[in-house]
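Please open the model in your viewer and keep the sequence panel beside it, so that each selection can be followed in both. The tour below moves from one selection to the next and says what is to be found at each stop.

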Amino acid sequence: MSLSELIRSLSRQDPEARRLGVLGILDVRGGEAAPLLMQAMADEDWRVRKEAVSVARRLAPNAEILEALLNALRFGDDVAQRNAAVEALGGYGQSVVDRLTFLAPSLDLDGKKLAAEVLGLCGQPSAVIVLRLLAVDADDNVRIAALESLGQLGSSCIEDTTPVLLRALESAGEVERLAALDSLNGLGVVIDWSRLEPLLGNAVLRRSAWQAAARCQEPQAGVFLCREFSLSAARERRWLLLALGAYVAQGPGAVSIVREAVAEHRDALTELVMQSLADGLGDACGAALFVAAALGGKAALTAVVEAAARDDLAAAAERALELVAEEITELLLERIASSESETALSSLELLIRIQSESSAAEHVSVALDALSRPERRFQRTALRWLERAGDERCLRQLAERAASLDDSVVVPAIAALQAMAARHRPAARAIVESILPTGHAGLASVALIGVASSPLLGSVSRDVAYLTQALAHDQWVVRRAALEALGRISDIGSVESVSFALGDEEREVRLAAVRTLGNLGELPSGRVAVERLVALVGSAEDGELIVTAIESLGIAGDGWALGVLRPYVRAGAPAAAVAAVEAVAKLSDSRRVDALIDGLAHPDVEVVKAALAMLSQESDLRVGAHLGACLDHSSWQVRRLVADLLGSIGGEVALGLLRGKLGSEPEPLVREALARALGEVETSGSIRRSTPVPGLGSWRPR
């Protein structure tokens, strides 16, 4: 589109035609773009103005456009245009902060207010200097805008913003105090009770003050919130409930404070909380669950337990119950003993999730009782409990029952046996030595051998021979367990047996065989296992099998496999390429860096992200250059990841790359990541990782 055609398109009657015309400004070079953008920002249609803002951000850094936008703050009298200019300037990063540092004092009152908004949108810690001055301006609106913007700058400069906001709490103006209080709440700053208490009686400030009281860890805050909730009118109850729930969520100490504060009117409060749960007031329901748990009593706790069965409330209910886990245990045990199957099962599952390790071990007999029930769901749930907390007695009982278990629970049974054996190796060893390695009884011994210290049958070779025999077992889960045990024993003599299992009829067994070869490949003499994996990667047609083989090559760590992995990094199917990238990063071969760089050119975004993550962990001079190049990647997801990685790496190179990119980045999520990373690097006080001098053979960045 020529310039004349573009000018005509911006003057058409159809708003959509004008909006599309704005996109043509992206192709305009030099100073001609600025007046066209300002014309579009003054358009009567909001869609056109919004598109103009987006284009202005995408063209950043552009000195002519920046100047035009600043002129709209200084001299503009079109409200819509000035507001659009504010939004666009928010994407110009440090460059706009530098200009406003000198311009802000000379602006009119409206200009100062808009400048404060811009400084909040730009997300630069350096904006604090100007905002601190604007926060003490003679004009109320300017001060309020500055206080609101200080709250938007985030945690990277919280030490500089907090004193300004706290001083503003003592202002005579209610709106000014409200702006400061909301900013402090947004930053998560804990305000001392002595500062907060005078604000709680103000009708304008009280909702924000309640929110601040919810973070205050002093007992007075909990007592106050309880009293206010008990006396609250219906229209205020939701806000107080949110605050009180957040206060309780701080931990068991807050629960004790609330219980003591409501001792005399617990029943009345419980009734209000139960009513709130019945009303279903969205996020207030989650808060009500915390308050109900703090109030205690069978009715309130039962309501929380029943809420845990609801998808929308399960997470909040479980967190609330964890605060009173000891108290709730008795109620859940009572429900588990219920004759109603669903109630008993849901209570059993909930008890497993909220119990501590010590509590789970103390009540492990409940799991054994559940294991004896005929319903398969009870057995699977009980096995999960035993996997987590089963003791030696449970290990022996489960090993004895293994022969009678239904096929549908054999998988979790093996997991439970192995987890308990890892905690109680001497007991596992004694069990294996005492049971016959035949038939279904073989399930227990196969599951335990390899977890308990080998050899168990007299010698490692006898253990391997027994497990090799188990590879012909009727149950595929037993064959898989045998392969896992062979991998734990790590005897190179079992490679042939494991390789034979690559042709098993059951997919899970074949995958287990591949993983076992990876474990065996870690051994000093494991090259033969690596060779089998390399051959498999080159010949298999099953995508999942290839991915598993690639992952196993990474476990083996043999640099000899680089030749077969590198083509997958360059152009393999996404799942295989990601696995290859992660495997290459583990290889003991200095050429792995070159292979990881290859992954940056892969067409799939997830592969590029994986390559960047692995590359950022390398100590090589090329890393910074390639990460910097990917700040201009076409995918915003890649650019955001690079920002996070540079923030983690730190140092002068990362600082320069982040500053250079922030002003021109069009995507808000990436700008947020860039600002966050800049804050991390600038506040670190030191370089977190140094790049060593390159060794012989290092290449320049490509």
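Select Arg 82 and Asp 108 in this predicted model, and you will find a salt bridge in which the closest N and O atoms are 3.8 Å apart. The two residues belong to distant parts of the chain, 26 residues apart, with Arg 82 in helix H6 (residues 79–89) and Asp 108 in the loop between helix H7 (93–103) and H8. With surface display switched on, compare the two ends of the pair: Arg 82 counts as buried because its relative accessible area is 9%, under the 20% limit, whereas Asp 108, at 39%, counts as partly exposed.

Next, select Arg 480 and Glu 484, whose side chains meet in a salt bridge of 3.9 Å, N to O. Here both partners lie in helix H32 (residues 476–489), 4 residues apart, which is about one turn of the helix. Arg 480 has a relative accessibility of 16% and so counts as buried, while Glu 484, at 25%, counts as partly exposed.

Now move to Glu 665 and Arg 639, which form a salt bridge with their closest N and O atoms 2.9 Å apart. This pair, too, links distant parts of the chain: Glu 665 sits in the loop between helix H43 (652–662) and H44, and Arg 639 in helix H42 (residues 636–649), with 26 residues separating them. Both Glu 665 and Arg 639 are buried. Add Asp 632 and Lys 661 to the selection, and you will have a network of salt bridges made up of Asp 632, Arg 639, Lys 661 and Glu 665. Across the whole structure, a search finds 41 salt bridges.

From here, turn to helix H44 (668–683), which, like helix H8 (109–122), supplies at least two residues to the lining of the largest pocket. The space in this pocket comes to about 400 Å³. To centre your view on the pocket, select Gly 123, Gln 152, Arg 671, Glu 672 and Ala 675, which are the closest to its centre among the 20 residues of the lining. Which helix gives the largest share of the lining? That is H44, with 7 residues. If you colour the lining by residue class, it divides into 6 nonpolar, 9 polar and 5 charged residues.

For the next stop, select Ile 25, Val 96, Trp 385, Leu 386 and Ile 550, the residues that touch the most other members of the largest nonpolar core, which has 260 residues. Helix H19 (residues 283–295) gives the most to this core, namely 11 residues. Then keep Ile 550 alone and display its surroundings: leaving aside its neighbours within four places in sequence, Ile 550 is in contact with Val 537, Leu 565, Tyr 568, Ala 576, Ala 579, Ala 580 and Ala 583.

Finish at Glu 236, which lies in helix H16 (residues 234–248). Is this residue buried or exposed? Glu 236 is buried, because its relative accessible area is 9%. Setting aside the neighbours within four places in sequence, the residues in contact with Glu 236 are Arg 206, Arg 207 and Trp 210, and these can be shown together with Glu 236 as the last view of the tour.

Note on methods:
Residues numbered from 1 in each chain as written. Predicted model: local features only at pLDDT ≥ 70, side-chain atom pairs only at ≥ 80, totals over all residues. Heavy atoms only, no water. 1 Å grid on protein atoms, 1.4 Å probe; cavity = no way out; pocket = protein on both sides within 12 Å on 5 of 7 lines; lining within 4 Å. Points joined across faces, edges and corners; volume = space filled by probe spheres on them. Nonpolar A, V, L, I, M, F, W, Y, C, P; charged D, E, K, R; others polar. Salt bridge = Lys/Arg side-chain N within 4 Å of Asp/Glu carboxyl O. Buried < 20%, exposed > 50% of the residue type's maximum accessible area, 1.4 Å probe, protein only. Core = buried A, V, L, I, M, F, W, Y, C linked by side-chain atoms within 4.5 Å. Contact = heavy atoms within 4.5 Å.
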